[in-house]
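Hello, and welcome to a short tour of a structure you can turn around as you read. Keep the viewer open and pick out the residues as they come up.

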Amino acid sequence: MRAEYPALREGYAHSDGAAGTLVAARSAAGIAEVSGGAVANKTTAFAAGRRALGIVEQGRSAVADLVGGEARGVVFGQSATALTYLVSRTLAAGWRPGDEVVLSRLDHDANVRPWVQAAARAGVTVRWAEFDPATGELPVEQYWNLISDRTRVVAVTGASNAIGTIPDVPAIADIAHAARALVYVDGVHRTPHEPIDVRALGADFYVTSAYKWSGPHIAACVADPGLWERFRPDKLVPSPDDVPERYEHGTQSFELLAGVTGAVEHLAALVPATGTRRERILASMAAAKAYEQDLFARLVQGLRDLGGIQLCPAPAGGCPTVAFRVGDQLPGRTAELLGDEGICVFAGDYYACEYFQTMGLRETGGAVRASIYHYLTLDEVGRLLDAVKRCR
Ligand SMILES: Cc1ncc(COP(=O)(O)O)c(C=O)c1O
């Protein structure tokens with residue numbers, strides 16, 4: 001499987017998957033194929049245009065298989081941030097003063113600020129779900145008090161990109177749906193690490209970025225086609241009014257869409273499996289999860305054993321991402337020292353600014369973040385631990 005990642009040949013230990021993974025060979029091949037061949041704008045009139053139509057269809061069906069949605073419900077966009085701005089703006093057109101949205105302080109700012117800004121323009125109240133700083137959990141019970149018949153949207157992360165917490169999204173969605181609120185789930189950090197079923201999550205909208213799961217820099221927001229039909233985004237007069245095209249501005253990036261399909265094919269083949277692509281994805285991602293969780297347990301235990309490392313509290317069973325500080329060293333300095341040893345980690349708040357603000361760590365540089373993705377090895381976890389030991 002590591003041979004499927006040509007960039008690993010550079011020799012770095014990539015514990016920075018939470019910020020973006022390396023691109024799988026199949027994904028890169030898809031991009032190269034479109035760039036090197038004749039692909040025109042979408043038309044049924046000639047072969048190169050029909051190829052473009054096929055690429056878009058294939059991209060939608062690949063993402064649908066990855067997360068358990070419907071191909072016609074897959075909207076592509078430049079990034080999860082851009083898509084969340086699009087959806088929040090579009091939904092906000094129907095909000096009235098006195099309506100409410102419920103956000104969480106565990107979320108990446110991409111699932112916070114677009115809603116805050118849309119709410120401010122519409123005279124809508126923002127209500128906040130708080131995480132428990134001692135455990136890193138997002139308690140569900142608080143949602144009973146936060147959600148009311150005035151709630152229009154509950155935006156919550158599928159998993160924290162800072163500390164890996166996986167909130168109980170189905171339980172939160174049940175409370176939201178009982179109040180007829182829509183649930184917008186940021187699946188960016190969760191999708192790379194386990195099988196996803198948007199319906200089981202109770203996500204009305206589920207956003208995910210391909211560059212976090214071995215693909216290119218493009219994102220998708222998945223919803224029921226009937227739900228997309230209910231809203232009218234800003235759009236050009238001659239552009240398609242159908243769903244999902246109505247939500248996609250301008251000409252699609254056909255090369256990146258081919259890269260998305262390649263990445264999904266890659267994820268469907270991490271372990272030998274048979275059946276439909278969806279079934280193979282479920283088997284592969286379950287295997288990836290088991291492998292990553294094993295490595296992650298060793299990483300966290302190793303950090304604890306080193307002594308002098310402060311780990312941000314996180315509940316067990318989350319995505320394999322840990323935030324920590326090495327003594328009183330600035331996190332940015334730790335990341336540089338590790339970088340000098342060929343180990344890639346990020347430092348800062350990784351845009352989870354509400355989290356770090358609440359933890360009182362934002363002004364002092366946040367924390368170092370190490371994450372596990374399926375191409376990391378036990379040896380690389382050992383390299384990371386040895387390097388952290390040397391920076392103390
Ligand atoms: C949890 C989470 N949500 C949203 C984003 C933003 O994604 P994008 O870069 O596609 O806008 C990120 C990026 O790091 C993330 O980790």
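The notes below cover the ligand site, three helix pairs and two backbone details.

Please keep in mind that this is a predicted model. The ligand is surrounded by residues that include S79, H108, D186 and K212. Helix pairs come next: α10 with α13, α3 with α4, and α2 with α9. The backbone details are a cis peptide bond before P244 and a positive phi at R180.

**Around the ligand**

- The residues around the ligand are S79, A80, T81, H108, A110, N161, D186, V188, H189, S209, Y211 and K212.
- Which residue places a backbone N or O atom 2.8 Å from an oxygen atom of the ligand? That residue is A80.
- S209 contributes through its side chain, with a polar atom 2.5 Å from a ligand oxygen atom.
- K212 also has a polar side-chain atom by a ligand oxygen atom, at 2.6 Å.

**Helices α10 and α13**

- Helix α10 spans residues 277-306 and helix α13 spans residues 378-391; their axes come within 10 Å and cross at roughly 20°.
- Angles under 35 degrees count as roughly parallel, and α10 and α13 are therefore roughly parallel to each other.
- The crossing of α10 past α13 is right-handed.
- On the α10 side, the contact is made by Y291, L295, R298, L299, G302, L303 and L306, while α13 supplies L378, V381, L384, L385, V388 and K389.
- By class, this contact between α10 and α13 has ten nonpolar residues, one polar and two charged.

**Helices α3 and α4**

- Helix α3 (residues 80-92) packs with helix α4 (residues 113-122) at an angle of about 25°, and the axes are 9 Å apart.
- The same kind of reasoning applies here: α3 and α4 are therefore roughly parallel to each other.
- α3 and α4 cross in a right-handed sense.
- From α3, the residues T84, Y85, V87, S88, R89, L91 and A92 meet R113, P114, W115, Q117, A118, R121 and A122 of α4.
- The contact of α3 with α4 divides into eight nonpolar, three polar and three charged residues.

**Helices α2 and α9**

- The axes of helix α2 (residues 47-67) and α9 come within 8 Å, crossing at roughly 40°.
- Is the crossing of α2 and α9 left-handed or right-handed? The crossing of α2 and α9 is left-handed.
- A52, I55, V56, Q58, G59, A62, V63 and L66 of α2 meet F254, L257, A258, V260, T261, V264 and L267 of α9.
- In the contact of α2 with α9, twelve residues are nonpolar, three are polar and none is charged.

**Backbone details**

- Most residues other than glycine have a negative phi, and most peptide bonds are trans.
- The peptide bond from V243 to P244 is cis, and its omega is near 10°.
- P244 sits in the loop between α8 (225-229) and α9 (254-267).
- R180 is not a glycine, yet its phi is positive, at about 60°.
- The place to look for R180 is the loop between α6 (169-178) and β6 (182-186).

Notes:
Residues are numbered from 1 along each chain as its sequence is written. This is a predicted model: local features need pLDDT of at least 70, side-chain atom pairs count only at pLDDT 80 or more; totals for chains, interfaces and linings use all residues. Side-chain values use heavy atoms; hydrogens and water are left out. Axes are lines fitted to C-alpha atoms, for helices over the stretch in contact, and angles run from 0 to 180 degrees between N-to-C directions. Helices (H or I, at least four residues) and strands (E, at least two) are DSSP runs, numbered from the N terminus. Angles under 35 degrees count as roughly parallel, over 145 as roughly antiparallel, 65 to 115 as roughly perpendicular and the rest as oblique. A crossing is left-handed if the near helix is turned anticlockwise from the far one by less than a right angle, and right-handed if clockwise. Contact means heavy atoms within 4.5 Å. Ala, Val, Leu, Ile, Met, Phe, Trp, Tyr, Cys and Pro count as nonpolar, Asp, Glu, Lys and Arg as charged, and the others, Gly among them, as polar. A residue is near a molecule or strand if one of its heavy atoms lies within 4 Å of it. A polar contact is a pair of N or O atoms within 3.5 Å; within protein, one must be able to donate a hydrogen and the other to accept it, and residues adjacent in sequence count only if both atoms are side-chain atoms.
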